[in-house]
Amino acid sequence: MLAHLEHVTKRYVKADGVLDLSLGFPAGEVVGVLGLNGSGKSTLLKLLAGLLQPTQGTVRVFGKAPRQARSQFVFLGEQDALWTWMTPRDAEKFMSGVYEDFDAARFNELLDVLDVPRRKTKAMSKGERGRLRLAMSLSRDVKLYLLDEPLAGIDLISREKILSSLVREWHTDETILLSTHEVAEAEGLFERVLLMKAGRIALDAQAEELRDEGKSVVDAFREVLS
Amino acid sequence: MRGFKTLLWLEHRRSWVWAVSLFASLAFWAWGIKQVLVLDIASRAGIRSGLLGIAAAIGLLVLAIMIGRFRGETRNGQYQVMLLSPPSGYSHILARFVYAATVAAIYYVTIAFLYWWIAELAGIHFDAVTLIELILGLPLYGLALIAFPLMAWVLLLMVVVSSYRLSGSGWIPGTIMVFGSGVAFGELGEAISRIAYSLPGWRIFRHAPGALIERFGPLDPEVSTELSQVMYQGVPIEPVLVMLAVTALMLFLAGRIWQEVEA
């Protein structure tokens, strides 16, 4: 297992994040983490990244506490977390300076593929910034990618570019956890689907099994969460 | 070390506008000094020195704001990016501190240089030793005593605030720190004054009275006696040693919290 959670509960001051989750993520899976707003998707990904500490239970990533393994995975948060003065060149300098596994050639290739303009992020659209952040993330050579709503608030063309890049860049020994509301668009990407409801797993299934039952991921989403 | 250099670069990109503005403000203060034209030389030098004192105080405020700009990054997510980057929390904190300390050192050395200029304008010519003490020794003494601890305290405060928030249930640690620090530094000041001069003092400016006498003639005997005592005793070393240790402790705590914090 690349990552696993054992009986993990995360409570906030006024709400529950996730409740008694026990999950494992082996190598080589593309997992869709799906659910309505407030269902616990971001909490799950932040727990795996070590940005949140569980109230109860244990989280292990590569056999360590998540923050100790932070150089071994990518976390792409839902926030538009780039400095406004940053250009793609600055981003390359930052990433190659702090991440030993960052591949600058791959980054520049991805900038072209994702059509990211070479200007400051404050002069970019949200979609362009999203694509830049994805290029920064996918240019690292790691085995675990935690992508929290990378498609949120991004235009259709950018979403298509991001999804096609994910498909193209994915290697069979890598695991991607992707949370998104764009279930229909991302459906073809997922091998495994986690449907979350009120902080719990409402459905954990292989996408192939759903298809064998004559259901799409969207159908399952509607059936379980409606 | 590779990561640390990048963090220093990041710090420079985040803060260069503040640093350059601070340096540029010294041109304004130098211009202000030239505008002081009262006839009495001693009063003129006094007013000019006062202006530089104001510049030094404002600089301290600007440096504290510069090093403590965390809230926007916490809100916008850059804080998450830094928390998950491979360099340790100590490296992040140290990079911020080293950058701000370097800016502070350049700023205060330049202010000290302007003091030398004021002395020259007043016709007081210091010897080489006094000049080095004025331009390098005095700023470094002041930095170690006041600026470095203040900057480390602001860093620690902002890490605490960003970690535990000053709102919601986590307001208690931040509030205790804000109010508790005043009391703690008061107590520390008293403790330092009790141990001051346990070690031999640093006899800074021991040649300065000669330059004053050369310019203004023999000093008033009472002033001369007091000055001799101060020159003989020098300035205490203990406060600097204690405040450097306090600075290191606060940086360590800030780095430690950074390692654990949620975002």
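1. Strands, as used here, are DSSP runs of type E with at least two residues, numbered from the N terminus. On that footing, A:H7 falls in strand 1 (residues 3-11) of chain A. The model is predicted, and the points below should be read with that in mind.

2. Confidence in chain A. The mean pLDDT of chain A is 90, and 100% of the residues score at least 70. Element by element, strand 4 (residues 56-61) of chain A has the highest mean, 96. Helix 6 (residues 183-186) of chain A has the lowest, 81. As a general caution, predicted coordinates should not be read in detail where pLDDT is low.

3. Backbone at A:H7. This residue is not a glycine, yet its phi is positive, about 45°. A:H7 sits within strand 1 of chain A. A:H7 has 12 other C-beta atoms within 10 Å, and the limit for an exposed residue is 12 or fewer, so A:H7 counts as exposed.

4. Backbone at A:D20. Here is a second non-glycine residue with a positive phi, about 50°. A:D20 belongs to strand 2 (residues 16-25) of chain A. Is A:D20 buried, exposed or partly exposed? A:D20 has 14 C-beta neighbours inside 10 Å, so it is classed as partly exposed.

5. Helix 1 of chain A. This helix spans residues 41-49, and 9 of its 9 residues are buried. The buried set includes the lysines A:K41 and A:K46. Also buried are A:S42 and A:T43, along with A:L44, A:L45, A:L47, A:L48 and A:A49. Just after the helix comes A:G50, with a positive phi of about 85°.

6. The contact between chains A and B. How many residues does each chain give to the contact? Chain A gives 19 residues and chain B gives 21. On the side of chain A that touches chain B, helix 2 (residues 88-98) of chain A supplies the largest share, 4 residues. By class, that side of chain A holds 11 nonpolar, 5 polar and 3 charged residues.

7. Chain B overall. Chain B has 10 helices and 0 strands. Its pattern along the sequence is α-α-α-α-α-α-α-α-α-α. Its C-alpha atoms fill a box of roughly 65 × 40 × 35 Å along the principal axes. Of the 263 residues in chain B, 28% are buried. Take the contacts in chain B between residues at least 6 apart in sequence: 83% of them join residues at least 24 apart.

8. A helix pair in chain B. Helix 2 (residues 41-67) and helix 6 (residues 128-164) of chain B have axes that come within 9 Å and cross at roughly 30°. Angles under 35 degrees count as roughly parallel, and helix 2 and helix 6 of chain B are therefore roughly parallel to each other. Their crossing is right-handed.

9. Residues in that pairing. Which residues of helix 2 of chain B meet helix 6 of chain B? They are B:L60, B:L63, B:A64 and B:I67. On the helix 6 side of chain B, the partners are B:A147, B:L150, B:M151, B:V154 and B:L155. By class, this contact has 9 nonpolar residues, with no polar and no charged ones. An α-helix has 3.6 residues a turn, so residues three or four places apart point the same way.

Technical notes:
Residues numbered from 1 in each chain as written. Chains lettered and ligands numbered in written order. Predicted model: local features only at pLDDT ≥ 70, side-chain atom pairs only at ≥ 80, totals over all residues. Buried ≥ 20, exposed ≤ 12 C-beta atoms within 10 Å, placed from the backbone. Contact = placed C-beta atoms within 7 Å. Nonpolar A, V, L, I, M, F, W, Y, C, P; charged D, E, K, R; others polar. pLDDT = per-residue confidence, 0-100. Axes fitted to C-alpha atoms, helices over the stretch in contact; angles between N-to-C directions. Parallel < 35°, antiparallel > 145°, perpendicular 65-115°, else oblique. Left-handed = near helix turned anticlockwise from the far one by under 90°.
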